[in-house]
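Here is a short report for a reader meeting this structure for the first time. Keep the sequence and the 3D view open while reading.

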2 protein chains.
Amino acid sequence: MLEECKALSNETRLAILEWLKDPATHFPGIGDEADGVCVGLIQRRVGCSASTVSAHLATLQRAGFLQATRRGQWTYYRRDEERIRAFAARVHHDL
Amino acid sequence: MLEECKALSNETRLAILEWLKDPATHFPGIGDEADGVCVGLIQRRVGCSASTVSAHLATLQRAGFLQATRRGQWTYYRRDEERIRAFAARVHHDL
DNA sequence: TCGGCATTTCGCTTATTGCCGAAATTACGT
DNA sequence: ACGTAATTTCGGCAATAAGCGAAATGCCGA
């Protein structure tokens, strides 16, 4: 619960989670979105450095909100809906 | 959402919220718990300084999780169950 | 009114987080 | 093998958060 809340305690990370709900509308020029969105696209949307975005994505992944798939030189990130729902349920139950 | 998550991003504050679910078992020698638990009792349970505990309680109140009632020289804090439920619902819906 | 108790505010120090650019890593194409 | 591109890791700096003790505030009783 603590790690998850920490991961959500940042405007940029909340925005990323929101955008990944519907990649097609938030990331122009996206192709097959089944695997998620690559770091570069997210970085351009966020507007800060690649290293910072990478850290944010790693934080969200450690918290269980994102899944990553490496394909070639790209890493695709997508929401882990199951774990997101599980977290929401835990908030409802435990908080 | 951001402010609420920040408020929950601390072990001590999470513990306080948890304890206040059932004051009678977590705070020895509590009387009428309708108004909540006074800062002194919470401070003894937490084990850190009065000023720190006061800051934590203020944070939780600003986030909407606690309500405060001043009675004489004591401030009683209790969970705001309605707003806590509302937050949980928002997490479930928006996240 | 004065002294004492509960709580909050203030000023400060330390720890954590956020951010960057540079360097390292990994993969692709030639 | 080499050069380029995507991403991550590293080292450092600035901003925010967490903690403390001392001082201030508010309230009660003598």
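## Salt bridge in chain B: Asp35 and Arg71

B:Asp35 is partly exposed, because its relative accessibility is 21% and the buried class ends under 20%. The model is predicted. The partner of B:Asp35 is B:Arg71: their side chains meet in a salt bridge, 2.9 Å from N to O. B:Asp35 sits in the loop between helix 3 (23-26) and strand 1 (37-38) of chain B, and B:Arg71 sits in strand 2 (residues 66-71) of chain B, so the salt bridge ties together parts 36 residues apart in sequence. B:Arg71 is also partly exposed, at 46% relative accessibility.

Why can such a pair form? Side chains of opposite charge can pair when their charged atoms come close.

## The pair in chain A

Chain A has a salt bridge between A:Arg71 and A:Asp35. The closest N and O atoms are 2.8 Å apart. This pair links distant parts of the chain. A:Arg71 belongs to strand 2 (residues 66-71) of chain A, while A:Asp35 lies in the loop between helix 3 (23-26) and strand 1 (37-38) of chain A. They are 36 residues apart. A:Arg71 is partly exposed, with 47% relative accessibility.

## Helix to helix in chain B

Which residue does B:Glu4 meet in a salt bridge? The partner is B:Arg90, at 3.4 Å from N to O. B:Glu4 is in helix 1 (residues 2-7) of chain B, and B:Arg90 is in helix 6 (residues 81-94) of chain B. The two are 86 residues apart, and the pair links distant parts of the chain.

Is B:Glu4 buried or exposed? B:Glu4 is buried, because its relative accessible area is 11%, under the 20% cut-off. B:Arg90, at 29%, is partly exposed. Over all chains, the count of salt bridges comes to 8.

## The surface near DNA strand D

There are 21 residues around DNA strand D. A:Gly40, A:Ser54, B:Ser49, B:Thr52 and B:His56 come nearest. Sugar and phosphate make up 75% of the strand D atoms that come within 4 Å of the protein. By class, this surface has 12 polar, 6 nonpolar and 3 charged residues.

Now the individual contacts. A backbone N or O atom of A:Val39 lies 3.1 Å from a phosphate oxygen of DNA strand D. The side chain of B:Thr52 has an N or O atom 2.8 Å from a phosphate oxygen of the strand. B:Ser51 approaches a base: an N or O atom in its side chain is 2.9 Å from a base oxygen of DNA strand D. Which elements give two or more residues to this surface? In chain A they are helix 4 (39-46), helix 5 (50-62) and strand 3 (74-79); in chain B, helix 5 (50-62).

## A buried histidine in chain A

A:His56 is in helix 5 of chain A. A:His56 counts as buried, because its relative accessibility is 10%. Its side chain makes a polar contact with the side chain of A:Arg13, at 3.0 Å. Setting aside residues up to four places away in sequence, A:His56 touches A:Asn10, A:Thr12, A:Arg13 and A:Ile16.

## The sheet in chain A

Chain A has an open sheet of 3 strands. The order is 1-3-2, and the pairing is antiparallel. Which strands are at the edges? They are strand 1 and strand 2 of chain A, each pairing on one side only.

Strand 1 and strand 3 of chain A pair in the antiparallel sense over 2 bridges. A:Val37 has A:Tyr77, in strand 3 of chain A, as its bridge partner.

## Asp94 and its contacts

A:Asp94 lies in helix 6 (residues 81-94) of chain A. A:Asp94 is partly exposed, with a relative accessible area of 31%. Its side chain makes a polar contact with the side chain of A:His93, at 3.0 Å.

Leaving aside neighbours within four places in sequence, A:Asp94 is in contact with A:Met1 and with two residues of chain B, B:Glu18 and B:Lys21. What separates A:Asp94 from A:Gln43? Their C-alpha atoms are 34 Å apart, and the residues are 51 apart along the chain.

Conventions
Residues are numbered from 1 along each chain as its sequence is written. Chains are lettered from A and ligands numbered from 1 in the order in which they are written. This is a predicted model: local features need pLDDT of at least 70, side-chain atom pairs count only at pLDDT 80 or more; totals for chains, interfaces and linings use all residues. Side-chain values use heavy atoms; hydrogens and water are left out. A salt bridge is a side-chain nitrogen of Lys or Arg within 4 Å of a carboxyl oxygen of Asp or Glu. Helices (H or I, at least four residues) and strands (E, at least two) are DSSP runs, numbered from the N terminus. Buried means under 20% relative accessible area, exposed over 50%, partly exposed in between (1.4 Å probe, protein chains only). A residue is near a molecule or strand if one of its heavy atoms lies within 4 Å of it. A polar contact is a pair of N or O atoms within 3.5 Å; within protein, one must be able to donate a hydrogen and the other to accept it, and residues adjacent in sequence count only if both atoms are side-chain atoms. Ala, Val, Leu, Ile, Met, Phe, Trp, Tyr, Cys and Pro count as nonpolar, Asp, Glu, Lys and Arg as charged, and the others, Gly among them, as polar. Contact means heavy atoms within 4.5 Å. Two strands pair if DSSP finds at least two bridges between them.
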